[in-house]
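Dear colleague,

I am handing over the structure shown below, and I would be glad if you would keep it open while you read the notes that follow it.

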Amino acid sequence: MSHPIYRVVSFEIVGPYRIHVRFNDETTQDIDFRPVLEGELFVPLVDEVLFSQVRIDSEVHTLVWPNGADFDPATLHDWPVHEEELRKMAGRWSDALRANERG
């Protein structure tokens, strides 16, 4: 059984936390990342200056940020399928971070 391997080939920041992503199969996604920017790894990306430092990793062909945050290219490719679960996970990350801060 084989499954397609997707690679990000280009992107454009099109608004606050929004990126237009093009893949090696010529498909595109317009992704609003804001709802999933929670938790220890992703909440720093709320800083628009850091968010804007996104680039394509030349080895894994996905979007990466200087703080090590990234998303699997297959997740990006099929964002509408994964978005609801990612939002739920972000809520759990946010809750866990607040609980840790309270001690």
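A good place to begin is Glu26, which is found in the loop that runs between strands β2 and β3. Please bear in mind throughout that this is a predicted model. The backbone of Glu26 has a phi near 70°, which is a positive value in a residue other than glycine. Is Glu26 buried or exposed? With a relative accessibility of 59%, Glu26 counts as exposed, because the word is used for values over 50%. The side chain of Glu26 also takes part in a salt bridge with Arg22, and the closest N and O atoms of that pair are 3.9 Å apart. Arg22, for its part, is partly exposed, with a relative accessibility of 31%.

That contact leads on to the other charged pairs. Side chains of opposite charge can pair when their charged atoms come close. In this model the count of salt bridges comes to five, and two further ones are described here.

One of them joins the side chains of Arg18 and Asp32, with 3.5 Å from N to O. This pair links distant parts of the chain, since Arg18 belongs to strand β2 (residues 18–23) and Asp32 to strand β3 (residues 28–32), with the two positions 14 residues apart in the numbering. Arg18 has a relative accessible area of 34% and is partly exposed, and Asp32, at 25%, is partly exposed as well.

Another salt bridge is formed by the side chains of Glu83 and Arg87, where the N to O distance is 2.9 Å. Both of these residues lie in helix α4 (residues 79–102), and they are four residues apart, which is about one turn of the helix. Glu83 is partly exposed at 22% relative accessibility, while Arg87 is partly exposed with a relative accessible area of 41%.

Helix α4 also holds Gly91, a residue that is partly exposed, with a relative accessible area of 31%. Which residue can be set beside Gly91 although it is 56 residues apart from it along the chain? It is Pro35, and the C-alpha atoms of Gly91 and Pro35 are separated by 9.0 Å.

I turn next to the aromatic rings, of which the structure holds nine pairs. In one of these pairs the ring centres of Trp65 and Phe71 are 6.2 Å apart and the planes stand at 80°, so the pair is edge-to-face. Trp65 and Phe71 are both buried. Ring pairs also link these two residues with Tyr17, Phe33, Phe42, Phe51 and Trp79 into a cluster.

Tyr17, a member of that cluster, deserves a separate look. Its place in the chain is the loop between β1 (8–15) and β2. Why does Tyr17 count as buried? Its relative accessible area is 12%, and Tyr17 is therefore buried, as the limit for that word is under 20%. Although Tyr17 is not a glycine, it has a positive phi of about 65°. Over the ring of Tyr17 sits the charged end of Arg34, at 5.8 Å from the ring centre.

If you have time to look at two places in the model, I would suggest the loop that carries Glu26, between β2 and β3, and the loop that carries Tyr17, between β1 and β2.

With kind regards

Notes: Residues numbered from 1 in each chain as written. Heavy atoms only, no water. Salt bridge = Lys/Arg side-chain N within 4 Å of Asp/Glu carboxyl O. Buried < 20%, exposed > 50% of the residue type's maximum accessible area, 1.4 Å probe, protein only. Phe/Tyr/Trp six-rings, centres within 6.5 Å; stacked < 30°, edge-to-face > 60°. Lys NZ or Arg CZ within 6 Å of the ring centre and 35° of its normal.
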